[in-house]
Amino acid sequence: MHIRPTESRDLDRIDEIFAAAKRFMRRSGNLFQWSGTYPDRNAVLADMERGVSYVMENGEGLLVATFAFIPGEEPTYCEIKGAWLDDSPYCTIHRIASDGSERGVLNRCLDWCFTRCGNIRIDTHADNRVMKNGLMDYGFTECGIIRLTDGSDRIAFQKHVKI
C-alpha cells in the first residue's frame, strides 16, 4: 500500500470510495453517519487546498482509501464532555474511507500518520461500531464526546506515542 497526496485526477474515484463506505456503514448498522451528501468533493477540494488530503493505493495502483490528516488544533475539539489525554500539539484524522477491497486499511493509515505525528485525535459516530473497535484495537483511548458544527455529537479518541 502506498499513501500520497490527493490529486485532481483522484476526485471521481474518491466519490466512489465515499459511496462504498456509506453502503458499508448502512449494512453494519451505522444508519446516520455521512447521510446525505457529506463528505463530498468540496470537502476534499478544501482539504487539497490546505495540503491535508491523502489517498491510499494498493499494489496495482488502484485507489482504495482516502483521508484527511490535519496538523494543528481542530476547532470542534476545543470543548469535550470528558477529557483529552493531554493538551500537547496533535494531528487529526478526518473523513477516512475505504472502498472495502483491501483489509487493514485503517491500521495502514494510522501507521503512516503516526510516523508523522505522535499525538493523534479522531472522532466517529456512536453507531460506527467498526471504527470504534478498530481504534480501540489500535490502542486509542476513548476520551469523551465532542460536538460538530452542525450540532451532532461524536465520540472522540486520542493516542499519544513518542516518535
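Which residues in α1 meet R41, V44, L45 and M48 in α2? They are L11, D12, I14, D15 and F18. The views below show a predicted model, in which local features need pLDDT of at least 70, side-chain atom pairs count only at pLDDT 80 or more, and totals for chains, interfaces and linings use all residues. Residues are numbered from 1 along each chain as its sequence is written, and side-chain values use heavy atoms, with hydrogens and water left out.

**View 1. Helix α1 crosses helix α2.** Helix α1 spans residues 11-27 and helix α2 spans residues 41-50. Helices here are DSSP runs of H or I with at least four residues, strands are runs of E with at least two, and both are numbered from the N terminus. The two axes come within 10 Å and cross at roughly 125 degrees. Each axis is a line fitted to C-alpha atoms, for helices over the stretch in contact, and angles run from 0 to 180 degrees between N-to-C directions. That makes α1 oblique to α2. Angles under 35 degrees count as roughly parallel, over 145 as roughly antiparallel, 65 to 115 as roughly perpendicular, and the rest as oblique. The crossing of α1 and α2 is right-handed. Right-handed means that the near helix is turned clockwise from the far one by less than a right angle; anticlockwise would be left-handed. Contact means heavy atoms within 4.5 Å.

**View 2. The loop between α1 and α2 holds W34 and P39**. A cis peptide bond joins Y38 and P39, with omega at about -10 degrees. W34 is not a glycine, yet has a positive phi of about 60 degrees. Most residues other than glycine have a negative phi, and most peptide bonds are trans. W34 is buried, at a relative accessible area of 10%. Buried means under 20% relative accessible area, exposed over 50%, and partly exposed in between, using a 1.4 Å probe and protein chains only.

**View 3. R95 in strand β5 also has a positive phi**. The angle is about 55 degrees, although R95 is not a glycine. R95 counts as buried, at 15% relative accessibility.

**View 4. The largest nonpolar core has 26 residues**. Such a core is a set of buried Ala, Val, Leu, Ile, Met, Phe, Trp, Tyr and Cys residues joined through side-chain atoms within 4.5 Å. F67, F69, I93, L110, C113 and F140 have the most contacts inside this core. At least two core residues come from each of β2 (53-57), β3 (63-71), β5 (91-98), α3 (105-114), β6 (119-124), α4 (129-138) and β8 (153-160). Helix α3 gives the most, with seven residues. Another core, of 11 residues, lies apart from it; L11, A21, V44 and A97 are among them.

**View 5. I120 of strand β6 is buried**. Its relative accessible area is 0%. Leaving aside residues up to four places away in sequence, I120 touches F69, C91, I93, C113, F114, F140, F157, Q158 and K159. The C-alpha atoms of I120 and P71 are separated by 9.1 Å, with their positions 49 residues apart along the chain. On the same sequence terms, F140 touches L110, F114, I120, I122, L135, F157, Q158 and K159.

**View 6. Helix α3 is mostly covered and packs against α4**. Seven of the 10 residues of α3 are buried. They are V105, L106, C109, L110, W112, C113 and F114. The axes of α3 and α4 come within 11 Å and cross at roughly 50 degrees. The two helices are therefore oblique to each other. Their crossing is right-handed. L106, N107, L110, D111 and F114 of α3 make the contact with M131, G134, L135 and Y138 of α4.

**View 7. The cysteines form zero disulfides**. A disulfide is a pair of cysteine sulfur atoms within 2.5 Å. The sulfur of C78 is 15 Å from the closest cysteine sulfur, in C143, which is too far for a bond. C113 is in no disulfide either; the nearest cysteine sulfur, that of C109, is 4.0 Å away. C113 is buried, with a relative accessible area of 0%.

**View 8. G59 sits in the loop between β2 and β3**. G59 is exposed, with a relative accessible area of 73%. The C-alpha atoms of G59 and H2 are separated by 7.6 Å, though the two residues are 57 residues apart along the chain.
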